[in-house]
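Visitor: I would love a close look at one part of this protein, along with how that part fits into its surroundings. Could you take me through it step by step?

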Amino acid sequence: LCDANFTLFKRPRHCRNCGIVICSKFSCVAHWPKRMIPETFYTKKKNQSRVSVCTSCDIIAKRFHHSLICGQLDTAKELFETTRNINLRTPFVARSSSEDFFPIHSSIISGNVKLLRWLVDDQHCPLHMAEHSGVKSGTSGGVLQSLRDPHRQSSPRVFTPTIKTSKGRSVIDLAAETKNMD
């Protein structure tokens with residue numbers, strides 16, 4: 001992606017989504033809110049609210065999110081299977097909307113039941129947030145886990161209701177609002 005020559009003063013960066021080396025030029029880097037990547041990808045900088053990602057990851061994530069919103073199952077599958085670099089356990093933050101959606105929310109909005117089943121049944125996209133015992137809701141210690149995998153619990157976890165958008169809307173709320181109740 002990036003053909004820049006790095007020096008002692010021009011240091012390389014790594015895409016926080018895929019790990020590829022990128023420079024700081026506008027054509028090589030995009031910036032995402034930190035919540036768009038898994039916690040395990042975070043840097044040691046505690047106060048960092050945005051992370052650098054390569055333009056390829058940015059474009060793929062936007063196309064994938066668009067395919068979910070539009071109910072385009074074949075496009076979503078193709079993007080997911082050819083790149084294997086899309087996070088299904090983190091929200092998409094759209095600039096055009098003031099609300100963050102997880103992939104499951106986007107598929108509900110589309111009304112495409114086959115797309116929803118592909119995310120949940122085949123890709124194990126989480127429906128609920130699980131928390132390790134002793135970790136309060138909303139802190140960075142919470143982990144997402146699908147209801148389909150209840151045997152992977154290494155420590156006691158408490159399931160909260162379905163994952164909510166940044167405005168507090170659940171999967172059921174979205175389905176009722178868009179009248180996609182299949």
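Visitor: To begin with, how many bridges join β3 to strand β4, and in which direction do the two run?

Guide: Happy to start there, with the reminder that this is a predicted model. Strands β3 and β4 (residues 50-54) are joined by 5 bridges, and the two run antiparallel. Within this pairing, A30 stands opposite V53 of β4. Strand β3 covers residues 29-33, and 4 of its 5 residues are buried, so the rest of the structure largely encloses it. On strands in general, side chains in a regular strand alternate between the two faces of the sheet.

Let us step back for a moment to see where this pair belongs. The protein has 5 helices and 9 strands, and along the sequence they follow the pattern β-β-β-β-α-α-β-β-α-α-β-β-β-α. Of its 182 residues, 38% count as buried. Among contacts with a separation of 6 or more, 54% are between residues 24 or more positions apart. A30 offers a link across the sequence too: I59 is 29 residues away from A30 in sequence, yet their C-alpha atoms are 9.4 Å apart in space. I59 is found in helix α1, and its relative accessibility of 41% means that I59 counts as partly exposed.

From the strands we can move to the core. The largest nonpolar core has 34 residues, and those with the most contacts inside it are W32, F64, L68, I86, L88 and W118. At least two residues of this core come from each of β3, β4, α1, α2, α3, α4 and α5. L68 is a good residue to follow outward. Setting aside residues up to four places away in sequence, L68 touches A76, F92, P103, S106, S107, S110, L115 and L119.

Several of those partners lead to helix α3, so let us turn there next. Helix α3 spans residues 103-110 and is mostly covered, with 6 of its 8 residues buried. Those buried residues are P103, I104, H105, S106, S107 and I108. They pack against α1 (55-69), β5 (92-93), β6 (100-101), α4 (113-122) and α5 (171-178). Just after α3 comes G111, with a positive phi of about 80 degrees.

The packing of α1 against α3 deserves its own look. Their axes are 7 Å apart and the helices pack at an angle of about 40 degrees, which means that α1 is oblique to α3. On the α1 side the contact involves H65, L68 and I69, which meet P103, S106, S107, I109 and S110 of α3. By class, the residues of this contact divide into 4 nonpolar, 4 polar and no charged.

Helix α2 (residues 73-83) shows another arrangement, this time with α4. The axes of α2 and α4 come within 9 Å and cross at roughly 25 degrees. An angle under 35 degrees counts as roughly parallel, so α2 is roughly parallel to α4. L73, A76, K77, F80 and E81 of α2 make this contact with K114, L115 and W118 of α4. The residues here divide into 5 nonpolar, no polar and 3 charged. As general background, an α-helix has 3.6 residues a turn, so residues three or four places apart point the same way.

L79 also lies in helix α2, and at 14% relative accessibility it counts as buried. Leaving aside neighbours within four places in sequence, L79 is in contact with I60, R63, F64, S67, R84 and I86. S67 is 12 residues from L79 in sequence, and the C-alpha atoms of the two are 9.2 Å apart.

One of the partners of L79 is R84, which lies in the loop between α2 and β5. R84 counts as exposed, because its relative accessibility is 56%. The phi of R84 is near 50 degrees, a positive value in a residue other than glycine. That is worth a second glance, because most residues other than glycine have a negative phi. H124 also has a positive phi, near 55 degrees, and is likewise a residue other than glycine. H124 lies in the loop between α4 and β7 (128-132), and with 40% relative accessibility H124 counts as partly exposed.

Key: Residues are numbered from 1 along each chain as its sequence is written. This is a predicted model: local features need pLDDT of at least 70, side-chain atom pairs count only at pLDDT 80 or more; totals for chains, interfaces and linings use all residues. Side-chain values use heavy atoms; hydrogens and water are left out. Buried means under 20% relative accessible area, exposed over 50%, partly exposed in between (1.4 Å probe, protein chains only). Helices (H or I, at least four residues) and strands (E, at least two) are DSSP runs, numbered from the N terminus. Contact means heavy atoms within 4.5 Å. Two strands pair if DSSP finds at least two bridges between them. Axes are lines fitted to C-alpha atoms, for helices over the stretch in contact, and angles run from 0 to 180 degrees between N-to-C directions. Angles under 35 degrees count as roughly parallel, over 145 as roughly antiparallel, 65 to 115 as roughly perpendicular and the rest as oblique. Ala, Val, Leu, Ile, Met, Phe, Trp, Tyr, Cys and Pro count as nonpolar, Asp, Glu, Lys and Arg as charged, and the others, Gly among them, as polar. A nonpolar core is a set of buried Ala, Val, Leu, Ile, Met, Phe, Trp, Tyr and Cys residues joined through side-chain atoms within 4.5 Å.
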